[in-house]
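Please walk through this structure with me, one site at a time. Keep the sequence and the 3D view open side by side.

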Amino acid sequence: MIIVGVESTAHTFGVGIVTDKGKILANVKDSYSSKDVGMIPHEIAEHHEKVAEQLLKKAFKSAKVEWEDIDLLAYSAGPGLDPVLWKGYNIVKGWAEKHHQKIVGVNHCCAHLSIGKLWNKLKDPVYLYVSGVNTQIIVQEQKKKGEGKYHVLGETLDIGLGNMLDKFGRIVGLGFPAGPKIEEVAKKGKYVELPYIVKGMDVSFSGLLTKAQQLVERKQAMKEDLCFSLQETAFAMCAEVAERALAHSGKKELLLVGGVGANKRFCEMLDLMCKERGAKFYKVPMELAGDQGAMIAWEGFLRKDSYGDMKVNCQWRADEV
Ligand code: ATP
Ligand code: FE2
């Protein structure tokens with residue numbers, strides 16, 4: 001079986017092609033980006049419309065497949081920006097009708113988790129899902145057959161870690177998305193104290209952002225030092241709840257997924273924490289950490305019997321699947 005997956009929840013439009021054995025045949029994408037402003041939903045939707053056909057062609061070419069070879073079309077049904085989700089849905093629906101394909105709507109968050117599990121060949125890890133919008137610590141119920149339900153053990157009480165970095169990046173003029181640039185700039189920084197907020201299994205980043213913004217505005221700290229300290233503080237908060245989740249659940253593997261998982265310093269800190277407690281740390285390669293179509297295709301294969309053409313759901317959480 002060959003599955004085409006289309007990602008369209010936020011600034012990235014992606015087309016991935018995978019087999020039912022989990023082999024990735026193609027994974028191409030194109031992201032809307034802007035220098036200073038964040039994400040303008042209707043502009044992103046226009047961008048996706050513009051690049052969709054050419055990306056599909058590129059994916060087919062690199063996977064060496066034709067429409068006759070395809071068995072299923074999967075699309076990201078949520079969560080995400082409403083106009084962007086609808087644009088993606090309508091593009092995929094159009095392709096499905098034209099080429100007589102079945103379609104399945106999948107949860108974008110679950111897709112991040114599933115592709116990480118597949119890539120690392122894991123059975124039952126604790127997931128740390130850290131992207132733009134989401135910061136969650138998750139475990140999955142184990143079932144003999146099919147996909148078990150996900151449970152969120154802890155999460156951010158306000159903004160996601162990626163969004164916090166992006167907002168700070170905008171304040172200091174690093175553009176969008178700022179995560180990778182902050183990682184670079186942080187290498188030249190030293191530590192300044194920022195609010196460290198962990199409440200039970202939950203974390204909060206808005207106080208950290210406000211404090212960093214104040215220090216910039218009052219010229220009381222350098223950009224480099226704030227980039228370094230934001231990373232150190234926020235990553236340590238995540239490491240603390242991840243460690244607690246490993247301890248409570250008795251699981252021995254931690255898997256980091258989502259776009260912030262591309263950060264080397266974050267991986268280094270989590271790896272160290274895992275080693276110290278006899279657990280093993282896993283991550284996904286850069287090309288699978290952020291949003292892309294292969295994860296949607298794989299999740300579509302896993303959920304092909306649970307969901308069909310469900311249109312979109314912009315608030316759909318992983319633990320509602
Ligand atoms: P979600 O999965 O919650 O819908 P999303 O679609 O915005 O969110 P991803 O593409 O998984 O998420 O992640 C994007 C985020 O990852 C952005 O906030 C970006 O700044 C951040 N990011 C990317 N690379 C890095 C990096 N090297 N260091 C830190 N953050 C990074
Ligand atoms: Fe994502």
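Lys-121 sits in the loop between α3 and β6 (126–130). Helices (H or I, at least four residues) and strands (E, at least two) are DSSP runs, numbered from the N terminus. The phi of Lys-121 is positive, about 50 degrees, although the residue is not a glycine. Is Lys-121 buried or exposed? It counts as exposed, at 75% relative accessibility. Here buried means under 20% relative accessible area, exposed means over 50%, and partly exposed lies in between (1.4 Å probe, protein chains only).

This is a predicted model, in which local features need pLDDT of at least 70, side-chain atom pairs count only at pLDDT 80 or more, and totals for chains, interfaces and linings use all residues. Residues are numbered from 1 along each chain as its sequence is written, chains are lettered from A and ligands numbered from 1 in the order in which they are written, and side-chain values use heavy atoms, with hydrogens and water left out.

His-100 also has a positive phi of about 50 degrees, although it is not a glycine. Look for His-100 in the loop between α2 and β5 (103–107). His-100 is exposed, with a relative accessible area of 75%.

Now go to the metal. Which residues hold the iron ion (ligand 2) as protein donors? They are His-108 (NE2), His-112 (NE2) and Asp-291 (OD), at 2.0 to 2.2 Å from the ion. Donors are N, O and S atoms within 2.8 Å of the metal (3.2 Å for Na, K and Ca); water is not among the atoms, so sites may look incomplete. In sequence, the donor residues follow the spacing H-x3-H-x178-D. Both histidines belong to helix α3 (residues 108–120). They are four residues apart, about one turn of the helix. His-108 and His-112 are both buried.

Why is the arrangement around the iron ion (ligand 2) irregular? The four donor atoms subtend angles of 88 to 169 degrees, and this makes it irregular. The cut-offs are as follows: four donors count as tetrahedral if all angles lie between 85 and 135 degrees; four count as square planar and six as octahedral if opposite donors are over 155 degrees apart and all others between 65 and 115; anything else is irregular. For reference, ideal angles at a metal are 109.5 degrees for four tetrahedral donors, and 90 or 180 degrees for six octahedral ones.

Move on to ligand 1. There are 22 residues around it, and Tyr-129, Ser-131, Asn-134, Asp-166 and Asp-291 come nearest. A residue is near a molecule or strand if one of its heavy atoms lies within 4 Å of it. Asp-291 is thus one of the nearest residues to ligand 1 and also a donor of the iron ion (ligand 2). The shell around ligand 1 divides into eight nonpolar, 11 polar and three charged residues. In this count Ala, Val, Leu, Ile, Met, Phe, Trp, Tyr, Cys and Pro are nonpolar, Asp, Glu, Lys and Arg are charged, and the others, Gly among them, are polar.

Check the atom pairs next. His-108 places a polar side-chain atom 3.0 Å from an oxygen atom of ligand 1. Gly-132 has a backbone N or O atom 3.4 Å from an oxygen atom of ligand 1. For Val-133, a backbone N or O atom also lies 3.4 Å from an oxygen atom of ligand 1. On its own, ligand 1 has 640 Å² of accessible area, and the protein covers 92% of it. Accessible areas come from the Shrake-Rupley method with a 1.4 Å probe; for residues, only the protein chains shown count as cover. Elements α3, α4 (161–171) and α5 (179–186) each give two or more residues to the shell around ligand 1.

Two prolines follow cis peptide bonds. One bond joins Gly-78 and Pro-79, with omega about -5 degrees. Pro-79 lies in the loop between β4 (72–78) and α2 (82–98). The other runs from Phe-176 to Pro-177, with omega near -10 degrees. Pro-177 lies in the loop between α4 and α5.

Finish with Lys-251, in the loop between α7 (223–249) and β11 (253–257). Lys-251 is buried, with a relative accessible area of 16%.

Definitions and conventions: A polar contact is a pair of N or O atoms within 3.5 Å; within protein, one must be able to donate a hydrogen and the other to accept it, and residues adjacent in sequence count only if both atoms are side-chain atoms.
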